[in-house]
Amino acid sequence: MLIIPLTGKLSWRNPPVVTLSLIIINTLAFFIFQLSDSRLFMAAETYYFDSGLADIEVSRYIEYRQGATVSDDPGGASEEEALERWHDKMRDDNLFLARLRNDEIITPQDPQYGEWKDLRHTYEGKLARITTMQYGFRPAFHRLITFFTHMFLHGGIGHLVGNMIFLWLVGCMLEMGCGRRFYITAYIVTGLCAVSLFWLFNPQSEVPLVGASGAIAGMMGAFTVLYGRKRVKIFYSLGFYFNYVQLPAILLLPVWVASEFYQLLLGGASQVAYLAHIGGLLSGAAMGLVNLKYWGAYHAEALTPEPQDEVAPLVEQALTHLGRLEMEPATKLLEQALAKEPDNIDVMTHLFNIRKNDPQTPEFHAAAVRLLTCLSRDSRNQAKTIAVYDDYRKLSRRPR
């Protein structure tokens, strides 16, 4: 399920510098430091299997799993494929990996210990060359710097592009509505809260957490609180169906949180860090509340949605009918548009041109009077006023 807010104003007189800078930093980090990650990872995995390290470790893992064998793999695959599947299971077993690192699985008394230690050291050295492994957040090997650096790394082009689109949509609104100081503070704080919640529930995980999505979720949480009961335009997609709807922004917070919990508990195996998203959403909501109550960096007019243009669609439909010489439906649509925006000169001009087809009717005189009255209020319209009046006088036998 996809739910995106589509509201806010963007002014290039005071451009969203912080949002643009964050997008540039994330993009440069990926293309300068991470482009070779896939190649380095594949090289490390090739070494893992070709060197015999996989045979040693996976066989111990199979024994650890109470006497299972490679042939017990439920996929009915070849022995090589089954070995890879057991390796994937082993990589997700944080308790086993912790015991393996502590020499509890392959002990110093084991005949294979020396060989295994050398192979494992070489393998870990290859992994250490990967930017994601060095600067992504790995709970089992966490470092202070990775609490921050993980926010600027991504797992692939799709991951990067998706996050940057959401950052642009929500970040611009918050930067303009709350100022740069609050915005960058909230971005960093919610990113730290997101990774901390993930760490709390996965303290032994060796898989690196990367991506700006935790901090972006924080921006989305702050957005819902700052907008509060204001109705915002939402785009939503259910995969096979999508539409727009307007609803109070605060209702998005429980919907987003519930969606993340659903994916976490019932969505099956996934590489998405739903816990980090939840931590970001909740901490972002808290930051929004702090801003409203204490910080005071909130400019409501910057977050006020643009009024919906109801006139342009009516005029567009009317012109379509005019193109087909369907005067009656075109006239009705233009009158509806004029009721919504009484001083719209373009709409009056279209009506006047339609009424010219029958210049002896009261409606023609009324259209001319209304258009001329509106034009004459502004001296810049002098030439058009005279042209309309000359047109009216030529067509009307008795000018009024």
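## Report on a predicted chain

The side chain of Thr149 comes within 2.7 Å of the backbone oxygen of Tyr135. Thr149 is part of helix α8. Another residue to look for is Thr132, which is 17 residues away from Thr149 along the chain, with a separation of 9.6 Å between the two C-alpha atoms. The model described here is a predicted one.

### The chain as a whole

The chain has 400 residues, and 44% of them are buried. Its secondary structure consists of 18 helices and three strands. Taking the contacts between residues at least 6 apart in sequence, 70% join residues at least 24 apart.

### His154

After α8 (146-149) comes a loop that leads to α9 (157-178), and His154 is found in this loop. Is His154 buried or exposed? Its relative accessibility is 1%, and residues under 20% count as buried, so His154 is buried.

The side chain of His154 makes a polar contact of 3.1 Å with the side chain of Asn163. If residues up to four places away in sequence are not counted, His154 touches Asn26, Phe30 and Gln34, then His159, Leu160, Asn163 and Met164, and finally Val210, Gly211 and Ala212.

### Two nonpolar cores

Nonpolar side chains tend to be buried together in soluble globular proteins. In this chain, the largest nonpolar core has 38 residues, and the members that touch the most other members are Leu167, Leu174, Tyr187 and Phe223. At least two residues of this core come from each of α1 (17-34), α9, α10 (180-201), α11 (213-227), α12 (252-266) and α13 (274-295). Which helix gives the most to this core? Helix α11 does, with 10 residues.

Leu174 can serve as an example from this core. Apart from neighbours within four places in sequence, Leu174 is in contact with Gly179, Tyr183, Met219, Ala222, Phe223 and Leu226. A second core, separate from this one, has 24 residues, including Leu53, Tyr61, Met90 and Ile130.

### Helices α16 and α17

Helix α16 covers residues 345-355 and helix α17 covers residues 362-375. Their axes are 9 Å apart, and the two helices pack at an angle of about 150 degrees. Angles over 145 degrees count as roughly antiparallel, and therefore α16 is roughly antiparallel to α17. The crossing of α16 past α17 is left-handed.

Which residues meet where these helices pack? On the α16 side they are Ile345, Met348, Thr349, Phe352 and Arg355. On the α17 side they are Glu363, Phe364, Ala367, Ala368, Arg370, Leu371, Cys374 and Leu375.

### Two residues with positive phi

The table lists two residues that are not glycine and have a positive phi.

| Residue | Phi | Loop |
|---|---|---|
| Asp103 | about 60 degrees | between α5 (94-101) and α6 (113-128) |
| Leu325 | near 60 degrees | between α14 (311-323) and α15 (327-340) |

For Leu325, the accessibility is also given. Its relative accessible area is 67%, and residues over 50% count as exposed, so Leu325 is exposed.

Technical notes:
Residues are numbered from 1 along each chain as its sequence is written. This is a predicted model: local features need pLDDT of at least 70, side-chain atom pairs count only at pLDDT 80 or more; totals for chains, interfaces and linings use all residues. Side-chain values use heavy atoms; hydrogens and water are left out. Helices (H or I, at least four residues) and strands (E, at least two) are DSSP runs, numbered from the N terminus. Buried means under 20% relative accessible area, exposed over 50%, partly exposed in between (1.4 Å probe, protein chains only). A polar contact is a pair of N or O atoms within 3.5 Å; within protein, one must be able to donate a hydrogen and the other to accept it, and residues adjacent in sequence count only if both atoms are side-chain atoms. Contact means heavy atoms within 4.5 Å. A nonpolar core is a set of buried Ala, Val, Leu, Ile, Met, Phe, Trp, Tyr and Cys residues joined through side-chain atoms within 4.5 Å. Axes are lines fitted to C-alpha atoms, for helices over the stretch in contact, and angles run from 0 to 180 degrees between N-to-C directions. Angles under 35 degrees count as roughly parallel, over 145 as roughly antiparallel, 65 to 115 as roughly perpendicular and the rest as oblique. A crossing is left-handed if the near helix is turned anticlockwise from the far one by less than a right angle, and right-handed if clockwise.
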